[in-house]
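Hi everyone, thanks for coming. Let me put the model up on the screen, and then we can walk around it together.

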4 protein chains.
Amino acid sequence: MPPPAQPDPNAAAYLGKQQQILAGAETLFLAHGYEGTSMSQVARQAGVSKGTLYNYFDSKAALFSALVENLSVAKQPFIVSILDNDSEDCTTTLIKLAEKFIRVMMTPTALMLYRIIVAEAAKFPQLADIFWQQAFGRTLGVLVPWIEKRTARGELNVQDATLAAEQFMSLAQTHLVNRRRFELPVTCDEAQIARISIAAGTAFCKIYAPD
Amino acid sequence: MPPPAQPDPNAAAYLGKQQQILAGAETLFLAHGYEGTSMSQVARQAGVSKGTLYNYFDSKAALFSALVENLSVAKQPFIVSILDNDSEDCTTTLIKLAEKFIRVMMTPTALMLYRIIVAEAAKFPQLADIFWQQAFGRTLGVLVPWIEKRTARGELNVQDATLAAEQFMSLAQTHLVNRRRFELPVTCDEAQIARISIAAGTAFCKIYAPD
Amino acid sequence: MPPPAQPDPNAAAYLGKQQQILAGAETLFLAHGYEGTSMSQVARQAGVSKGTLYNYFDSKAALFSALVENLSVAKQPFIVSILDNDSEDCTTTLIKLAEKFIRVMMTPTALMLYRIIVAEAAKFPQLADIFWQQAFGRTLGVLVPWIEKRTARGELNVQDATLAAEQFMSLAQTHLVNRRRFELPVTCDEAQIARISIAAGTAFCKIYAPD
Amino acid sequence: MPPPAQPDPNAAAYLGKQQQILAGAETLFLAHGYEGTSMSQVARQAGVSKGTLYNYFDSKAALFSALVENLSVAKQPFIVSILDNDSEDCTTTLIKLAEKFIRVMMTPTALMLYRIIVAEAAKFPQLADIFWQQAFGRTLGVLVPWIEKRTARGELNVQDATLAAEQFMSLAQTHLVNRRRFELPVTCDEAQIARISIAAGTAFCKIYAPD
DNA sequence: AATGAATGAGGATTCATTCAT
DNA sequence: TATGAATGAATCCTCATTCAT
C-alpha cells in the first residue's frame, strides 16, 4: 500500500489556493475587523467552499494570523533608500523620511491593521509582535544605524540612538496619524503632510544638534 | 389636576442601579472588548436581569457609549495643576507633565479604552470624539495656553502652539505608551518613566528654545 | 375594623380611567393587531403605568376582549332607520341599505376588527361571537322582519327570510368589501359603491320577485 | 478550467429537505398563525436544526411566504371540469360549482390560510395577492368565460360577467363559509351544503335570467 | 389606587466548525 | 481534495406580568 499522499501533490496549486483565500480574507478583515468578518463571507469572497477554508487554515484565528503575517511582511513598503544619500544634510533627509513614514501609516491597510491588531492584541499577542516588527521595527532597523553614522560624522549628537529614533517616529505621527487612527476628521492634504514632516525633521535636528 | 408623577420617585436608587450596571460593564468591556462581551455576561456580572439592563440602556451600543463617556469624563485625572507653577522653569515643568501624562496613559483603563475605541472607531464615531477630547483634548486645552504664556515671557519660541503641544504629547508617548498599547513586553519601572519623561521635556525645550 | 374599601369609591373616576385605557388600546390594537401590540405601548399611549393597566384588566387577553366588546357594541352605527320607510319600493330601500352596509364595512375600524378577530378566532372564540352579533347579527335582526313584512305585503316572495337576508349581505360584500379585507388595491369611489349597491339591491329583488 | 461546482450536487435531497421543512411549517403555521409560531418550534417539528432552517429560508417571513405560495398553488384543487359540460343547464352546473367551491373553502387549510393571510395582509401584501389569485382568481378565470359563453347562447343575460361571477362567489359563501371563518358553530352537513349551493345556483340564474 | 423597576423565558438570527459525499 | 448542508450554542433584544413602594 502506498504511503498517503505527499504533503503537497502539486505545491503550486496548493499555494495558489492559499493565496486566493488570503486575498479574500484581506478584503473582508480590513473592511470589517476580526469579529465583524465571518468565515462564510471569506469563503464566498475567495470563491471556495467553507470546507476548503478549513483544509487550508485550522480556524478563523489561524487564518487571521496568517493574513496579518502576510500583510505585515509583504505589503510594508521599503523606506531604506531615503537614508542612503550620505551627502544630503540631516534635516532634509529626515523630512523626506517623515513624509514617507506618514504616507505609509496613512495607508488604509496600515490604519486598519493598526486598529485590528491593537484591538485584538490581548487575543493574538504574537500578531502584535509581528506587526510591530514590520511596521516600526524595520524603520528602526535602518534609522538607528543612520543616526549613529551621522553622530559619528559630527552632524548629530545622540547618546541613545534607539530612543532618539523612537522619538522621531513619535514626532512623525503627530496630529495626522494619531488622529486618523480614531477616524477623527482631519484635513490631510499635501500641505498638511509637508507641515508635519518639516516640523518633525527640524525638531529632531534641533534636539540632537551638536553643541 | 395633580402634576404628573415625578420622573424618578427615588432617583438615588435609579442612579445606584445604573452605576451598578456600569460597574459590571466596565469590568467586562475593558477585559474583553465590545464584541467579546455579551449582554448576558454584563447582566450576570452586574447582578441584574437581562430585562433590567434594557430598562436602563436601550441597547448594547448605548450601554457601551454610556460606559465610555463615564470612564472618559469621570476617570481621567486632572493634569492642570502641574502647569500652574509659574516660577518653575519650562524643562522641569514639562518633565513633570510628561511623567503625569505617561502614568495616566499607562493606566489599564486608559489602555483598554484606547484599544477598544480605536477598534470600534468606525462603528462609534462619536465615542472616538469623546475619548479623544477627554484623553488628549483636555491636556491640549491647558498646555496650549501655557506654551503661549511662556512664549510671551520669552522662555520659549513657539509659532504654532497647538502643533507644539501635540508634538509634546507625541514625544511623551515614545516607547512606553506606544508599545504597551500593543501589549508588547516593556520594562516599565520608575526609572523608565523618568527616562522617557526627561527625554520628552528636554527635547521640547531644545526644539523651542529662544534663539 | 371597617370592611375593605367599597368596590368603587368613586365610580366615575374608575370608569373614566378605564375608558382612557381602552382609548389607548384601540389606537394600538387597530393599528398593529393583537400580537403586534405590547402592554407597555398601551400603557404609554393611555398615559398610565403598566401596573395600573393590570388593576383594570386582568391580562392582555382580557383588555383585548373588553376593547373588542366595546368597539363592537358602541361603534357600530345604526342601520335601522333605512328600513323604516314603508312606502318606498323594495329595490330602492335595499340599494340604500347595501350602500350603508358597504360604507360601514369599509370603515378602517370595521376592517381591522374583522381582520384581528378572524385572525384570533381560535384564541378568542367569544370575541368572534360578539363581533359577529354586532356586525352582522344586528343587521340581520332588522332585515329579516323587514323581508317578512314585504313578503306579507306581496312585494317579495321569500320562504326562508334568514337565508335570504344572509344572501343579501353576501351580495353587498361583493368586490369591494371582500377585497379590501385583503388590502388588495381596489378603486373605491362613490361610483363603485353605487355600482355594487345597485347590483346587490336589484339582484335580490330579482331572486325573490313575486312570480 | 473545470466548470464551477453544480449548484445542487443532489437536488433531490435538497428539495426533499425543503419539503420536510415546509411540511413542519404547515402544521404549525396553520395551527397557530404567523406570530404564534416560533422558528424553534418549526425546527423541532421538521426534525432539523434551527441553523438548517436558515440555510433553506432567509427568514421567518421568507419561510412563511414560501409556505403560503406552496399551499395556495399546490393544494387548491381544480374546479375547471365542472364547467366543461356544455349540455347541462345553467342552474345544475352552477349548483355543482357552488358545492365544490364551498367544500374547498371549508377545508381546514383554506380556512386557516384565509385567516392568517387576512390577519397579516398589511405585513405581507404580496401574499394576499397570491392567495387571492389562487383561491378566487382561478375560479373567476374559468367562471367569467363560462358566463360569457352561456350569455352568447342566450341562456343567461349578463352585462358585466366579472361582476356577476364575483356575485356568484359571494352567494356561495353565504352562511357556511362566512361563519366558519369566525369559527362560529354552524351545522355543516351534506344537507346544509346542498341547501346553500342550491340557493346560490338558483339565485344566480334568477338574477341573470334572459327576459 | 398608582407606580415603574425587575424579571426571565422566549423571540429571531448568526456563526465557527464538522463530516458525509 | 473539495464541497456545502447540518449543527446548536450563543447573539441581542422583547414582553407579559409581578410587587415593593
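Let's begin at DNA strand E. The surface near this strand draws at least two residues from each of several helices: helix H2 (39-46) and H3 of chain A, helix H1 (11-32) and H3 of chain B, H3 of chain C, and helix H2 (39-46) and H3 of chain D. Please keep in mind that what you see is a predicted model.

How many residues surround DNA strand E? There are 35, and the closest are A:Ser38, B:Gly51, C:Gly51, D:Ser38 and D:Gly51. Sorted by class, the surface near DNA strand E has 10 nonpolar, 16 polar and nine charged residues.

Now please look over at DNA strand F. Here 34 residues surround the strand, and A:Gly51, B:Ser38, B:Gly51, C:Ser38 and D:Gly51 are the closest. Which helices each supply at least two residues of the surface near DNA strand F? From chain A we have helix H3 (50-56), while chain B brings helix H2 (39-46) and helix H3 (50-56). Chain C likewise brings helix H2 (39-46) and helix H3 (50-56), and chain D brings helix H1 (11-32) and helix H3 (50-56). The class split for the surface near DNA strand F is nine nonpolar, 16 polar and nine charged residues.

Let's leave the DNA and turn to how the chains meet, starting with chains A and B. Their contact takes 30 residues from chain B and 29 residues from chain A. On the side of chain B that touches chain A, the elements giving two or more residues are helix H6 (108-119), helix H7 (125-152), helix H8 (161-172) and helix H10 (190-207) of chain B. That side of chain B divides into 16 nonpolar, seven polar and seven charged residues.

How do these copies relate to each other? A turn of 179 degrees, with a shift of 0.1 Å along the axis, lays chain B on chain A with an RMSD of 0.4 Å. The two copies are thus related as by a two-fold rotation axis. The same surface serves both copies, with 97% of the contact residues of chain B recurring in chain A.

On to chains C and D. Here 29 residues of chain D are in contact with 29 residues of chain C. The side of chain D that touches chain C gets two or more residues from each of helix H6 (108-119), helix H7 (125-152), helix H8 (161-172) and helix H10 (190-207) of chain D. Which helix gives the largest share? That is H8(D), with five residues. By class, this side of chain D has 15 nonpolar, seven polar and seven charged residues.

For this pair, chain D can be laid on chain C by a turn of 179 degrees and a shift of 0.0 Å along the axis, with an RMSD of 0.3 Å. Once more the same surface serves both copies: 100% of the contact residues of chain D recur in chain C.

Let me zoom in on one helix pair there. The axes of helix H10 (residues 190-207) of chain C and H10(D) come within 8 Å and cross at roughly 105 degrees. That makes H10(C) roughly perpendicular to H10(D). C:Ala203, C:Lys206 and C:Ile207 of H10(C) make the contact with D:Ala203, D:Lys206 and D:Ile207 of H10(D). In class terms, this contact has four nonpolar, no polar and two charged residues.

What about chain B and the other two chains? No contact joins chain B and chain C, whose closest C-alpha atoms lie 10 Å apart. Chain B and chain D are not joined by a contact either, and their closest C-alpha atoms lie 20 Å apart.

Last stop: the inside of chain A. The domain assignment gives domain 1 (11-74) and domain 2 (76-207), and the C-alpha centres of these two domains of chain A lie 30 Å apart. Between them, 10 residues of domain 1 are in contact with 13 residues of domain 2. Helix H1 (11-32) and helix H4 (60-75) of chain A each supply at least two residues of the domain 1 side, and H4(A) gives the most, with six residues. That side of domain 1 divides into six nonpolar, three polar and one charged.

Thanks for listening!

Technical notes. Residues numbered from 1 in each chain as written. Chains lettered and ligands numbered in written order. Predicted model: local features only at pLDDT ≥ 70, side-chain atom pairs only at ≥ 80, totals over all residues. Near = placed C-beta within 6 Å. Helix = DSSP H or I, 4+ residues; strand = E, 2+ residues; numbered from the N terminus. Nonpolar A, V, L, I, M, F, W, Y, C, P; charged D, E, K, R; others polar. Contact = placed C-beta atoms within 7 Å. Least-squares fit on C-alpha atoms with pLDDT ≥ 70 in both. Axes fitted to C-alpha atoms, helices over the stretch in contact; angles between N-to-C directions. Parallel < 35°, antiparallel > 145°, perpendicular 65-115°, else oblique. Domains from an automatic or database assignment.
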